[in-house]
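Here are a few exercises to work through with the model open in your viewer. Try each one before you read its solution.

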Amino acid sequence: THAFWNFVERVYEAGVTGGCGGDNYCPNAHTSREQMAVFVLRAEDNTFLPPACGAPMFVDVPASSPFCRWIEELARRQVVSGCGGGAYCPAAGVTRAQMAVFALATLEGPGYVPPACGTPMFNDVPVTSPYCAWIEELARRGIVGGCGGGGYNCGGSYCPNYCPNDAVTRGQMPIFML
């Protein structure tokens, strides 16, 4: 009966995720940076398995972590560079703005730069935001929409909010990935 049930079932059956333990998916839990690594790589190719970790790239992701290979693959692909000081911050939550970069950078590959922002599509994502181009490209592709509310700050036209600083839940991830 959950609003995301159909999407969750599709990513489970496609082998993108096995859930959060046991027979649970935890749709209301926040998506962590370590979980995001698996989501975006498996969504791209559900049979992909990155090479095992040797000497860890990040001080807070030991080679024994089940997420190490996934995180390091994103680093090899230049999707992520960590969160500063040689760390990755694997348990930190992912925002809707960060998710846009994770998804497009993984899909498009190293060096991808989305088209620049023009007139804002979302009331709460100004053209000056470093995430604007990423968010608007996902919207142009029909992958994301707003989160409700909005205003008339988009060149005098009404536009919805995107909620770039809101946490991405595990229930929302299948919608972004399909």
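Glu73 and Arg77 are both buried. Keep in mind that this is a predicted model.

**Exercise 1. Work out what links Arg77 to Glu73 and to Glu44, and where Glu44 and Arg77 sit in the chain.**

Step 1. Start with Glu73: its salt bridge to Arg77 has the closest N and O atoms 2.9 Å apart.

Step 2. Now turn to Glu44, whose side chain meets that of Arg77 in a salt bridge, at 2.5 Å from N to O. Glu44 belongs to helix 2 and Arg77 to the loop between helix 3 and helix 4, so this pair ties together parts 33 residues apart in sequence.

Step 3. Check the exposure, with under 20% relative accessible area as the cut-off for buried. Arg77 comes out at 19%, so it is buried. Glu44, at 38%, is partly exposed.

Step 4. Look for a ring by Arg77: it lies over the face of Phe48, 5.1 Å from the ring centre.

**Exercise 2. Classify the aromatic pair of Phe48 and Trp70, and say which parts of the chain it links.**

Step 1. Take the count for the whole structure, which is four aromatic pairs.

Step 2. Go to the geometry of this one. The ring centres of Phe48 and Trp70 are 6.4 Å apart and the planes make an angle of 75°; over 60 counts as edge-to-face, so that's the class.

Step 3. Place the two residues. Phe48 is in the loop between helix 2 (33-44) and helix 3 (68-76), while Trp70 is in helix 3, so distant parts of the chain are linked, 22 residues apart.

Step 4. Finish with burial: Phe48 has a relative accessible area of 19% and is buried, and Trp70 is buried too, at 6%.

**Exercise 3. Do the same for Phe58 and Tyr88, then find the charge over the Tyr88 ring.**

Step 1. The rings of Phe58 and Tyr88 are 5.3 Å apart, centre to centre, with 50° between the planes, which makes the pair tilted.

Step 2. Phe58 is in the loop between helix 2 and helix 3, and Tyr88 in the loop between helix 3 and helix 4 (96-108), so the pair ties together parts 30 residues apart in sequence.

Step 3. Both partners are buried: Phe58 at 7% relative accessibility, Tyr88 at 0%.

Step 4. The charge belongs to Arg33, which lies over the face of Tyr88 at 4.2 Å from the ring centre.

**Exercise 4. Check the length of helix 4, then follow its residue Glu108 to a salt-bridge partner.**

Step 1. Helix 4 has 13 residues, and at 1.5 Å a residue it should span 18 Å; the end C-alpha atoms are 18 Å apart, so the two agree.

Step 2. List what is buried in helix 4: among them are Met99, Phe102 and Leu104. Just after the helix comes Gly109, with a positive phi near 95°.

Step 3. Glu108 and Arg141 meet in a salt bridge, 2.8 Å from N to O. Arg141 is in the loop between helix 5 (132-140) and strand 1, and Glu108 is in helix 4, 33 residues apart.

Step 4. Arg141, at 33% relative accessibility, is partly exposed, and so is Glu108, at 37%.

Step 5. Widen the view: Glu108, Glu136, Glu137, Arg140 and Arg141 are linked in a network of salt bridges.

Note on methods:
Residues numbered from 1 in each chain as written. Predicted model: local features only at pLDDT ≥ 70, side-chain atom pairs only at ≥ 80, totals over all residues. Heavy atoms only, no water. Phe/Tyr/Trp six-rings, centres within 6.5 Å; stacked < 30°, edge-to-face > 60°. Helix = DSSP H or I, 4+ residues; strand = E, 2+ residues; numbered from the N terminus. Buried < 20%, exposed > 50% of the residue type's maximum accessible area, 1.4 Å probe, protein only. Lys NZ or Arg CZ within 6 Å of the ring centre and 35° of its normal. Expected span 1.5 Å × (residues − 1). Salt bridge = Lys/Arg side-chain N within 4 Å of Asp/Glu carboxyl O.
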